[in-house]
Amino acid sequence: MATAKKPAAKTAAKKPAAKKAAAKPAAKKAAPAKKAAPAKKAAAKPVAKKAAAKPAAKKAAPAKKVAAKKPAAKKVAKPKTPRKPNAAFMKPLTPSATLGAVIGANPLPRTEVTKKVWDYIKKNKLQDEANKRMINADDKLKAVFGGKKQVSMFEMTKLISNHLQ
């Protein structure tokens, strides 16, 4: 009995007279919660209500997100056929004589040409040590790069495409 009187005294001391009337209906609503919750938490009802309202809003938001995700998952599941490579990349192209000295004269797809050029660059250690994006050209690559001694890797692909037919 002594513990039940203490929380009531604390709530009356903390709340102004205007809030006492509002506290009585709230106490009736929260009566079942008092049984489950400790007596100390009863004094912090306004804070608990605000905190309880926020998680409830958060719980509602994920439910909407889950509903939004379900149609997206169905759209992803529809295409059952495996992804096909782009035919333009797979089309064999004949390299010029200068590029053929580096990768060989056989017709190759663009992807393979790029791989072979990078293999040549790494084999001969032509990648710049300070800036890995730059390629230092040797005699064979200088002819492919149009006489430039150093080329960026992005410019390199543009220059190589000029030597493919």
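Two residues are in contact when heavy atoms of theirs lie within 4.5 Å. With that in hand, I can describe the protein chain of this predicted model. Among contacts between residues at least 6 apart in sequence, 27% join residues at least 24 apart.

Let me begin with the overall architecture. The chain contains nine helices and two strands. Along the sequence, these elements follow the pattern α-α-α-α-α-α-α-β-α-β-α. The chain has 165 residues, of which 21% count as buried. Its exposed surface amounts to about 12,800 Å², and carbon and sulfur atoms supply 62% of that area.

I turn now to the interior. The largest nonpolar core has 21 residues, and those with the most contacts inside it are Phe-145 and Met-156. Four elements give two or more residues to this core: helix 6 (97–103), helix 7 (110–123), helix 8 (139–144) and helix 9 (153–161). Helix 7 gives the most, with five residues.

What does Phe-145 touch, leaving aside its neighbours within four places in sequence? The partners of Phe-145 are Ile-135, Ala-137, Val-151, Met-156 and Leu-159.

Two of those partners, Met-156 and Leu-159, bring us to helix 9, where they are buried together with Ile-160. Why do these buried residues line one face of the helix? Seen down the axis of helix 9, they fall within an arc of 100°, so they line one face. As a general point, an α-helix has 3.6 residues a turn, so residues three or four places apart point the same way. On the other side of helix 9, Phe-154 and Lys-158 are exposed. The buried residues of helix 9 pack against helix 6, helix 7 and helix 8, and also against strand 1 (134–136) and strand 2 (150–152).

Beyond helix 9 comes a segment that holds His-163. Is His-163 buried or exposed? Its relative accessibility is 17%, and because buried means under 20%, His-163 counts as buried. Leaving aside neighbours within four places in sequence, His-163 is in contact with Thr-94, Pro-95, Ser-96, Thr-98 and Leu-99, as well as with Ala-143 and Val-144.

Next, consider helix 8, which contains Lys-142. Lys-142 is partly exposed, with a relative accessible area of 28%. Apart from neighbours within four places in sequence, Lys-142 is in contact with Ala-137, Gly-147, Lys-148 and Lys-149. How far is Lys-142 from Thr-98 in space, C-alpha to C-alpha? The two are 9.5 Å apart, although 44 residues separate them in sequence.

I come now to the charged pairs. Side chains of opposite charge can pair when their charged atoms come close. The structure holds three salt bridges.

One of them joins Glu-112 to Lys-115, with the closest N and O atoms 3.8 Å apart. Both residues lie in helix 7, three residues apart, which is about one turn of the helix. Glu-112 is partly exposed at a relative accessible area of 29%, and Lys-115 is partly exposed at 49%.

Another salt bridge links Lys-132 with Glu-129, and here too the closest N and O atoms are 3.8 Å apart. Lys-132 has a relative accessibility of 45% and counts as partly exposed. Glu-129, with a relative accessible area of 61%, is exposed.

The remaining salt bridge is formed by the side chains of Glu-155 and Lys-148, at 2.4 Å from N to O. Glu-155 is partly exposed at 28% relative accessibility, and Lys-148 is partly exposed with a relative accessible area of 37%. Lys-148 was mentioned earlier as a contact of Lys-142.

One backbone detail deserves a mention before I close. Most residues other than glycine have a negative phi. Which value does phi take at Lys-125? Phi of Lys-125 is near 55°, a positive value in a residue other than glycine. Lys-125 is found in the loop between helix 7 and strand 1, and at 73% relative accessibility it counts as exposed.

To summarise, the chain comprises nine helices and two strands. Its largest nonpolar core has 21 residues, with helix 7 as the element that gives the most. The buried residues of helix 9 line one face of that helix, while Phe-154 and Lys-158 are exposed on the other side. Thank you for your attention.

Conventions: Residues are numbered from 1 along each chain as its sequence is written. This is a predicted model: local features need pLDDT of at least 70, side-chain atom pairs count only at pLDDT 80 or more; totals for chains, interfaces and linings use all residues. Side-chain values use heavy atoms; hydrogens and water are left out. Buried means under 20% relative accessible area, exposed over 50%, partly exposed in between (1.4 Å probe, protein chains only). Accessible areas come from the Shrake-Rupley method with a 1.4 Å probe; for residues, only the protein chains shown count as cover. A nonpolar core is a set of buried Ala, Val, Leu, Ile, Met, Phe, Trp, Tyr and Cys residues joined through side-chain atoms within 4.5 Å. The arc is that of the directions from the helix axis to the C-beta atoms. A salt bridge is a side-chain nitrogen of Lys or Arg within 4 Å of a carboxyl oxygen of Asp or Glu.
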